[in-house]
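Colleague: I am new to this structure and would like some help in reading it. Could we go through it together?

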Amino acid sequence: MIQQIQATFAGYGGRACTLFSALYKDTNILVIGAEAEYRTERRDNCVVLTNDPDIPRDSLFEDLELKQAISAFYSLKSGVAVDGKSSRLVISDRAARANPEPSIEKDGIDNSGPVFRVADGVTCSQIAALATCLYAIRAGTIESAVSMSEQLLALSRGQIITI
């Protein structure tokens with residue numbers, strides 16, 4: 001199953017933009033596909049992420065989530081897909097400017113985990129990519145929880161489940 005994602009962001013460095021991505025749930029791969037002009041209209045079959053509370057959306061990204069988004073980016077970047085070989089994060093050539101890594105500096109570790117420093121000039125597309133990574137990680141967690149609850153329901157009904 002493929003989940004299409006439209007991340008529309010404004011208010012950071014560079015120009016406001018929309019970033020289109022696809023989350024392949026069967027393989028556990030997020031493909032950041034293309035950076036496009038800023039658009040507030042939902043593209044058909046897309047989940048909409050944004051930092052603008054005035055846009056109809058499925059998820060509102062707030063600055064407080066930035067550290068989690070950066071952690072999600074590095075988790076996907078270093079993660080391995082279901083096939084055991086592929087990376088969980090792919091950034092296409094059409095979205096190369098959205099790669100947030102050049103604007104993030106690791107600044108050690110404190111009691112709450114890794115500390116990151118974000119460049120003042122971080123662009124809207126880079127923040128959109130980070131928000132998309134956070135969404136992908138959260139979607140995977142929700143999918144696992146739903147699957148587990150379905151198995152528990154089946155078990156409570158006396159059905160046989162495999163572990």
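Modeller: Gladly; we will go from the overall layout to the sheet, the core and a few single residues.

Modeller: Please keep in mind that this is a predicted model.

Colleague: Let's start with the layout. How many helices and strands are there in the protein?

Modeller: The protein has two helices and eight strands. Following the sequence, you meet them in the pattern β-β-β-β-β-α-β-β-β-α.

Colleague: And how do I read burial and surface for the whole chain?

Modeller: A residue counts as buried when its relative accessible area is under 20%. Here 37% of the 163 residues are buried. The accessible surface is about 9500 Å², and carbon and sulfur atoms account for 53% of it. You can also look at how far apart in sequence the contacting residues lie: among contacts between residues at least 6 apart, 59% join residues at least 24 apart.

Colleague: Now the sheet. In what order do the six strands stand?

Modeller: The order is E5-E4-E1-E2-E3-E6, in an open sheet with mixed pairing. E5 and E6 (89-91) are at the edges with a single partner strand each, so one side of each has no neighbour in the sheet.

Colleague: In which sense, parallel or antiparallel, do E1 and E2 pair?

Modeller: They are antiparallel, with eight bridges. To see this in the model, find Gln 4, which stands opposite Ala 22 in E2, and then Ile 5, whose bridge partner in E2 is Ser 21. With E4, E1 pairs in the parallel sense over five bridges; there, Ala 7 stands opposite Leu 49.

Colleague: Is E1 enclosed or open, and why?

Modeller: Six of the eight residues of E1 are buried, so this strand is largely enclosed by the rest of the structure. As for the general idea of a strand, side chains in a regular one alternate between the two faces of the sheet.

Colleague: What joins E2 and E3?

Modeller: They form a hairpin with four residues between them. In the turn, Asn 28 has a positive phi of about 70 degrees. The two strands pair in the antiparallel sense over eight bridges, and Ala 22 has Val 31 in E3 as its bridge partner. On from there, E3 runs parallel to E6, joined by three bridges; Leu 30 is partnered by Leu 89 in E6.

Colleague: How should I think about the nonpolar core?

Modeller: The general idea is that nonpolar side chains tend to be buried together in soluble globular proteins. In this model the largest nonpolar core has 35 residues, and those with the most contacts inside it are Phe 9, Leu 19, Leu 30, Phe 61 and Leu 130. E1 (2-9), E2 (17-24), E3 (29-37), E4 (46-50), H1 (66-78) and H2 (124-156) each supply at least two of its residues. H2 gives the largest share, eleven residues.

Colleague: Which residues does Leu 130 touch?

Modeller: Leaving aside residues up to four places away in sequence, Leu 130 touches Leu 66, Ala 69, Ile 70, Phe 73, Pro 100 and Ile 104.

Colleague: I also noticed Asn 51. Where is Asn 51 placed?

Modeller: Asn 51 is in the loop between E4 and E5 (59-60). Its side chain reaches the backbone oxygen of Ala 10 at 2.7 Å. Beyond residues up to four places away in sequence, Asn 51 touches Thr 8, Phe 9, Ala 10, Tyr 12, Leu 60 and Phe 61.

Colleague: For contrast, is Ile 109 buried or exposed?

Modeller: Ile 109 has 72% relative accessibility, so it counts as exposed. You will find Ile 109 in strand E7 (residues 104-110). Not counting residues up to four places away in sequence, Ile 109 touches Pro 114 and Val 115.

Colleague: Last, the cysteines. How many disulfides are there?

Modeller: The test is whether two cysteine sulfur atoms lie within 2.5 Å, and the count here is zero. The cysteine sulfur closest to that of Cys 17 is in Cys 124, at 5.7 Å, which is too far for a bond. Cys 17 is buried, with a relative accessible area of 0%, and Cys 133 counts as buried at 0% relative accessibility.

Technical notes: Residues are numbered from 1 along each chain as its sequence is written. This is a predicted model: local features need pLDDT of at least 70, side-chain atom pairs count only at pLDDT 80 or more; totals for chains, interfaces and linings use all residues. Side-chain values use heavy atoms; hydrogens and water are left out. A nonpolar core is a set of buried Ala, Val, Leu, Ile, Met, Phe, Trp, Tyr and Cys residues joined through side-chain atoms within 4.5 Å. Buried means under 20% relative accessible area, exposed over 50%, partly exposed in between (1.4 Å probe, protein chains only). Contact means heavy atoms within 4.5 Å. A polar contact is a pair of N or O atoms within 3.5 Å; within protein, one must be able to donate a hydrogen and the other to accept it, and residues adjacent in sequence count only if both atoms are side-chain atoms. Two strands pair if DSSP finds at least two bridges between them. Accessible areas come from the Shrake-Rupley method with a 1.4 Å probe; for residues, only the protein chains shown count as cover.
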